[in-house]
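Hi there,

Here is the structure I promised to pass on, with my notes below it. Have a look at it first, and then read on at your leisure.

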Amino acid sequence: MSLFWIISRQLAEIEAMATSKKVITREEWEKRLNDVKIRKEDMNKLVMNFLVTEGYVDAAEKFRMESGTEPDIDLATITDRMAVKKAVQCGNVEDAIEKVNDLNPEILDTNPQLFFHLQQQKLIELIRNGKVEEALEFAQEELAPRGEENQSFLEELERTVALLAFEDVANCPVGGLLDISQRLKTASEVNAAILTSQSHEKDPKLPSLLKMLIWAQSQLDEKAAYPRISDLSTAILEDPAV
């Protein structure tokens, strides 16, 4: 957060300068860093937000005890949310739907797109398991009526059913639907919907701040040479390239 603030301020300061890049020494940069004051409580809230949103319940509980930072939702609900997410990731869609309804029936009642994607995932799992007749029957009875009401649903249904037309589904044009990434995509959508129903942000703040930092550095790169961070995992400042 402090780096982003410094970079933004530096951009403003040199906006009107000539095209030649300004060189900012490590000493000057670190002094600016030290001048930025961020409350530890705010940093702790940022960490707790990440742990809660991503579902690290054990880590969130331990962090709560050690830092005294209270989460903005009941940590017990994280376990239920993660159970839903895990069920989708394992291909147990019916179990996931039941768990979502146990948490809050209104989630699926008020989100037709999410419900369709869960049903689509169930169809994919039937095809994956070679249950062709059951897959066709399910598509016709459960998904086709929804496709008639929504053009985008119909297109997704057609892509999914197309899996049945290929013997080598792994290498067919729509084979990506059988990748684990498709399960993860659906699981992420369910996770976001549950968080929204709990009046919680669906995305953690920390990754967004890191993206802002990357963007700010890219803007400043055009105007100055300064100690920048190339590896976010270490956050080590590199000496400016003159």
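D221 and R228 join through their side chains in a salt bridge, with 2.9 Å from N to O. The term means a side-chain nitrogen of Lys or Arg within 4 Å of a carboxyl oxygen of Asp or Glu. D221 counts as partly exposed because its relative accessibility is 24%, and R228 is also partly exposed, at 24%. For these labels, buried means under 20% relative accessible area, exposed means over 50%, and partly exposed lies in between (1.4 Å probe, protein chains only).

Before going further, please keep in mind that this is a predicted model, where local features need pLDDT of at least 70, side-chain atom pairs count only at pLDDT 80 or more, and totals for chains, interfaces and linings use all residues. Residues are numbered from 1 along each chain as its sequence is written, and side-chain values use heavy atoms, leaving out hydrogens and water.

Back to the charged pairs. How many salt bridges does the rule give? The count is twelve. Side chains of opposite charge can pair when their charged atoms come close. E61 and R64 are one such pair, bridged at 2.6 Å from N to O. They sit three residues apart in helix 4 (residues 57–67), so about one helical turn separates them. (Helices are DSSP runs of H or I with at least four residues, strands are runs of E with at least two, and both are numbered from the N terminus.) E61 is partly exposed at 28% relative accessibility, and R64 is partly exposed at 25%.

The salt bridge of E125 with R183 has its closest N and O atoms 2.8 Å apart. This pair links distant parts of the chain: E125 belongs to helix 8 (residues 112–128) and R183 to helix 11, with their positions 58 residues apart. Are these two buried or exposed? Both E125 and R183 are buried. There is also a network of salt bridges, which links R26, E30 and D239.

Next, the surface. E133, E134, E137, E141 and E142 form a patch of negative charge there. Patches are made of residues with over 30% relative accessible area and no salt bridge, and like charges are joined within 9 Å. E134 is part of helix 9 (residues 132–149) and is partly exposed, with a relative accessible area of 41%. An unreviewed UniProt entry places the feature "domain: CTLH" at residues 77–134; such annotations may be inferred rather than shown by experiment. Over residues 77–134, the end C-alpha atoms are 34 Å apart, and the span is 83% helix and 0% strand.

E156 is in helix 10 (residues 151–161), and its relative accessible area of 22% makes it partly exposed. Its C-alpha atom is 9.0 Å from that of H117, although the two residues are 39 apart along the chain.

Finally, two backbone points for you to look at. Most residues other than glycine have a negative phi. S199 is not a glycine, yet its phi is positive, near 60°. S199 lies in the loop between helix 11 (180–197) and helix 12 (205–221), and it is exposed, at 73% relative accessibility. A235, also not a glycine, has a positive phi of about 60°. A235 is found in the loop between strand 3 (228–229) and strand 4 (237–238), and is partly exposed, with a relative accessible area of 45%.

Best wishes

Terms used
Patches are made of residues with over 30% relative accessible area and no salt bridge: like charges are joined within 9 Å, nonpolar side chains (Val, Leu, Ile, Met, Phe, Trp, Tyr) within 5 Å. Accessible areas come from the Shrake-Rupley method with a 1.4 Å probe; for residues, only the protein chains shown count as cover. Lys and Arg count as positive and Asp and Glu as negative; His and the chain ends are not counted. The place of a charge is taken as NZ of Lys, CZ of Arg, CG of Asp or CD of Glu.
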